[in-house]
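Take a look at the chain below. This report walks through its confidence, its fold and a few chosen residues.

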Amino acid sequence: MLVPGRCRVVPSLTRLLRCSVRSSHKNWFKLQAVSYCPCQQIHTSYFLNIEKEYKKLYKQNVNQLRVTPVQNITNCLPPSDNDISQAKRRVSLAATLVNKSPISIQPYMRLMRIDKPIGSWLLFWPCGWSIALSAPPGMIPDPQMLALFWLGAFIMRGAGCTINDMWDRDIDRKVARTKDRPLVSGEVTQLEALVFLSGQLGVGLLVLLQLNWYSILLGASSLGLVVIYPLMKRITHWPQLILGMTFNWGALLGWSAVQGTCDWSVCLPLYVAGVCWTILYDTIYAHQDKVDDILLGIKSTALKFGDNTKVWLSCFGTSMISSLLTSGIMVDQTWPYYVAVGVVGSHLANQIYTLNIDNPTDCANKFVSNQRVGFILFTGIVLGNLLRSKKKETEKCPDETQYVIKESI
């Protein structure tokens, strides 16, 4: 089978073009008499080995040639009962809320990705870790501060999605997974999106102004990263690095909001851990769209790592765990924290080991599972901090009659 020259960038892409991601439909090229499948007339000769000619044909009339990305091809196969049951389970409360909202505001809710709250949680957890680590020994993190940062994460994640969709409107219409987004479908215009973005940033600013001046300046300095991130996929194969730097700014901001300034010996390793975590889960996420990305010239770590993805992800996972251990040591954490770090490490190891980078469904499931990573670590920090108070314990003096109180940070 001949493939476009650009496809050779990813060694595993040829396998993607030869077989379906579903094991039950591995020989989908042989399905020639299935009347319900719009891809029945596909012939491998359309995948030309000359990139220039292929792209010319692809742009002229994709529908006429019946050539679609592999994600679209697999979507035209009949769903199994297991697929249907899994789809029903995945209808989250957030998606139900969006679907039952007034029709006029649904496009804006989807523009913010309210129906997909996983992004808000991934943005919030580094904030929550930092706030919990900065709490006084023996105390739980301030619930009001956690609520404030969750609201900020929700608003700013929505603003980031709006900015991303405004930059990527022309690209999104060519990708199966994003072709129904509000800006692409015309439900929201560019001007309406800009006005809506202004409102989101205004609310985000109100949230930020509740913090001290050090935190206000620190938080405002991250806005540049939010704006330039969508451009990075056109420039470098490392857009996930910029996303990690953006998404984990809360690891610095949370501590400064509680303490008034950053303790860099604690915050910097925590920030590095968060950046490595984001590169890990967003590389997995990017493998869902790698066929479309190659055809459109979009760059990502998924394409850069290729078949060596698991090796790279293992390195980033190891760096994340090492950085978390460093933060814990610097803040004098106790055993529940280190147990949580161990559980997180096991989860990431299992996630990487069982990952099938050629299966978009598996990549999506692995990506979503990272919400549990954030919760596990947050729980470990809170429990570990509660036990830190027990370090204020008495020590017997040599004469066994006097006691000295040992204070811990």
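## Surface and overall make-up

The accessible surface of the chain comes to about 20000 Å². Carbon and sulfur atoms account for 62% of that surface. Keep in mind that this is a predicted model.

The chain has 409 residues, and 49% of them count as buried. Its secondary structure comes to 23 helices and two strands. Now take the contacts between residues at least 6 apart in sequence: 71% of them join residues at least 24 apart.

## How far to trust the model

The mean pLDDT of the chain is 79. A pLDDT of 70 or more is reached by 73% of the residues. Two stretches stay under 50. One is residues 1-81, with 125 contacts beyond four places in sequence. Another is residues 392-409, with 27 such contacts. Where pLDDT is low, the predicted coordinates should not be read in detail.

## Helix α14

Helix α14 covers residues 223-235. Does its length fit, or does it disagree with what its residue count predicts? At 1.5 Å a residue, its 13 residues should span 18 Å. The end C-alpha atoms are 19 Å apart, which agrees.

The helix is bent, too. At Y229, α14 bends by about 45 degrees. A proline, P230, follows within four residues.

Both Y229 and P230 are among the buried residues of α14. The others are L225, V226, M232 and K233. What covers these buried residues includes α9 (143-167), α15 (239-247) and α17 (264-286).

## Three buried residues

Here are three residues with their relative accessible areas. Buried means under 20%, so each of them qualifies.

| Residue | Relative accessible area |
|---|---|
| S327 | 0% |
| C267 | 1% |
| C161 | 12% |

S327 lies in helix α20, which runs over residues 309-330. Which residues does S327 touch, leaving out those up to four places away in sequence? They are V266, P269, L270 and Y337.

## Cysteines

A disulfide is a covalent bond between the sulfur atoms of two cysteines. How many disulfides does a search of the whole structure find? The search finds zero. C267 is in no disulfide. Its nearest cysteine sulfur, that of C262, is 4.4 Å away. A disulfide needs the two sulfur atoms within 2.5 Å, so this pair does not count as one.

Terms used
Residues numbered from 1 in each chain as written. Predicted model: local features only at pLDDT ≥ 70, side-chain atom pairs only at ≥ 80, totals over all residues. Heavy atoms only, no water. pLDDT = per-residue confidence, 0-100. Contact = heavy atoms within 4.5 Å. Buried < 20%, exposed > 50% of the residue type's maximum accessible area, 1.4 Å probe, protein only. Areas by Shrake-Rupley, 256 points an atom, 1.4 Å probe, with all protein chains shown as cover. Expected span 1.5 Å × (residues − 1). Bend = angle between axes of the 7 residues up to and from the residue.
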